[in-house]
Amino acid sequence: MNLEALFLSLRLSATVSVLLLVLALPLAYGLAFSSWRGKFLVESVVALPLVLPPTVIGFYALVAMGPRGPLGKIWQSLFGHPLAFTFAGLVVASLFYSFPFAVQPLVASFEALDRRILDASAILGAGRARTFFRVILPLAWPGVLTALVLSFAHTLGEFGVVLMVGGNLPGITRTVSIDIYDRVQALDYAAAHQTALLLLLISFVVLSIVYGVNRRVWSLWLTK
Amino acid sequence: MSRAMLAVQIRKKFRASGAAPFVLDVAASFEPGFTVLFGPSGAGKSTLLDCIAGLQQPDSGKISLGEEVLFDAADGISLPPQRRDLAYVFQSLALFPHLSVEQNIRYGLAKLPAAEQQKRITRIAAAFRIENLLARRPAELSGGEKQRVALARALVTRPRVLLLDEPLTGLDASLRRAILDDLCAWDDANRIPILYVTHNREEVDAIGESVVTIVNGRVQETGAPREVLDAPRSVELAQAAGFENVLRAKVMEHRPADGVMRVGLEDAACEIEIPFGDAAPGSEVRVAIRAGDILLSTEAPHFLSARNILPGVIESLETRGTLVALRVKAGATFQVHVTPSAVRSLGLAPGQVVWLIVKTHSCHLVR
């Protein structure tokens with residue numbers, strides 16, 4: 001089994017899921033609580049990665065990160081080296097790829113909150129920030145956990161995007177799914193099977209945590 | 001403690017799909033002490049409280065508390081709920097489920113020093129008898145305990161106005177009575193305007209210093225509970241106020257010297273005498289009679305002061321808890337409430353001939 005590829009994938013998924021949570025929380029708050037009429041447009045953009053082939057996301061990410069792309073240029077001027085075919089490039093592309101998996105559970109859990117509880121917080125003098133940290137986040141934490149875990153698992157399994165923007169550089173961009181592909185190409189089915197099975201188990205455990213936690217929490221608070 | 005009066009004059013239109021838009025159009029002022037907002041459900045009572053609290057924006061008008069303007073559409077003023085210094089207890093109570101009772105109560109005291117917070121929590125917990133519940137979560141409380149905690153959480157902030165949206169629904173009468181007593185005691189000590197939404201007649205009688213009736217988004221009447229609710233001015237209100245019998249009637253004859261008039265009920269099926277009211281002979285009106293205000297006799301009564309004695313036949317009996325609801329056909333069909341023991345001792349049964357006895361002043365003219 002290629003441990004280097006596995007650890008690279010785990011590092012990538014952890015980085016992406018934490019960054020995504022930070023980005024997705026304010027966006028999900030806006031989507032759940034604003035009454036802006038055009039918000040369906042934002043919702044569509046957020047959901048795009050669900051329907052687009054990963055190669056399309058990867059293609060545009062590659063173009064944007066290339067030496068002439070906007071992201072690539074900014075990165076080059078800030079850090080003095082190109083973005084494409086680096087670990088950072090993988091992170092950036094994966095942020096787009098897994099975005100809906102972070103945003104949608106958060107929106108769903110925010111929208112499920114009893115509005116009267118948020119009203120009560122405002123009446124009792126709490127501003128938006130206090131209401132968010134003292135009431136919304138604690139009550140929506142199953143959604144937060146779901147967002148973290150789903151974006152982690154989804155990033156762990158990505159293939160097309162990585163192939164497009166990362167290539168196949170051992171220790172830098174060769175993730176576990178690329179590794180499996182390489183093994184199969186080389187007809188080393190035993191090694192491919194080992195890694196594939198591990199990925200399968202990780203995904204199963206992760207999803208069990210999500211569903212288990214959600215069931216327990218909803219039954220605790222919603223049936224009062 | 002401020003003794004400011006709350007003055008409200010607002011209008012808000014709601015787009016409804018298909019039906020005509022609902023318009024809330026209210027002008028009223030609320031003195032310190034209890035004012036009951038009474039009316040059928042969907043009349044706009046909760047929306048009115050939301051507007052006062054700043055949770056919804058009226059389209060036009062003004063809301064002020066003493067000298068201070070909370071909302072003024074013309075001047076573009078609208079204080080956010082956080083700065084109105086009001087308390088609001090919702091029908092659902094909306095306790096924070098993840099916080100203990102003590103943390104719930106402390107939530108609105110964030111700006112005060114810790115010692116002052118503690119002092120206030122101790123005092124309010126005593127006033128609402130929840131000292132032994134402070135460590136619990138809302139899920140571990142009974143219905144009545146939750147209601148006490150919600151009141152304590154609201155009042156510990158020393159609000160300038162208290163808004164209560166059916167806070168005691170679903171409690172049995174004795175529990176409701178006990179909580180109301182504690183609330184009244186708090187009111188005696190603090191005197192702020194308290195707006196109390198309910199459609200429970202018992203609560204109105206227990207607390208009402210004055211009643212404002214709201215029907216279809218508008219204030220219909222203002223006054224003492226007895227005046228307003230014992231002589232309802234509209235059919236919706238009569239039904240909300242617990243008049244089981246609201247009958248179509250036609251004015252037959254005025255007898256101003258006796259202070260009464262005679263009306264025919266339900267296409268002249270029978271005739272009764274009601275107090276003199278503002279309705280010309282020949283005009284169509286409605287008469288409201290409480291089912292509990294009708295007496296029932298199994299023999300033709302004599303030597304009674306009551307003016308309305310109607311022979312009829314029992315159509316059905318239905319036991320509802322501690323009362324029996326009878327339908328009696330006496331020309332028109334009347335709902336009559338009696339006790340189970342009356343049913344036993346008189347041997348009441350369907351098909352039996354009875355006489356209904358209704359005092360003139362138990363009949364209320366409704367327009």
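## Chains A and B: an exposed serine, a shared core and an interface

In chain B, B:Ser305 sits in the loop that links strand E16 (295–297) to strand E17 (308–320). Keep in mind that this is a predicted model. Below is a quick tour of that loop residue, then the nonpolar core, then the place where the chains touch.

**The loop residue**
- Is B:Ser305 buried or exposed? B:Ser305 counts as exposed because it has just 7 C-beta neighbours inside 10 Å, and the cut-off for exposed is 12 or fewer.
- B:Ile357 is 52 residues away from B:Ser305 along the chain, yet their C-alpha atoms are separated by 9.9 Å.

**The largest nonpolar core**
- This core has 153 residues, and those touching the most other members are A:Leu106, A:Val165, B:Tyr88, B:Ala152, B:Leu163, B:Val287 and B:Leu356.
- Helix H5 (residues 87–111) of chain A chips in the largest share of the core, with 12 residues.
- Over in chain B, domain 1 (6–233) and domain 2 (243–366) each supply at least three residues to the core.
- Leaving out residues up to four places away in sequence, B:Leu163 touches B:Leu49, B:Ile52, B:Ala53, B:Leu86, B:Ala87, B:Tyr88 and B:Leu195.

**Where chain A meets chain B**
- On the chain A side, 16 residues are in contact with 19 residues of chain B.
- Two elements of chain A give two or more residues to this side: helix H6 (115–123) and helix H7 (128–139).
- H6(A) brings the largest share of that side, 6 residues.
- Sorted by class, the chain A side has 10 nonpolar, 2 polar and 4 charged residues.

Notes: Residues numbered from 1 in each chain as written. Chains lettered and ligands numbered in written order. Predicted model: local features only at pLDDT ≥ 70, side-chain atom pairs only at ≥ 80, totals over all residues. Core = buried A, V, L, I, M, F, W, Y, C linked by C-beta atoms within 7 Å. Buried ≥ 20, exposed ≤ 12 C-beta atoms within 10 Å, placed from the backbone. Helix = DSSP H or I, 4+ residues; strand = E, 2+ residues; numbered from the N terminus. Domains from an automatic or database assignment. Contact = placed C-beta atoms within 7 Å. Nonpolar A, V, L, I, M, F, W, Y, C, P; charged D, E, K, R; others polar.
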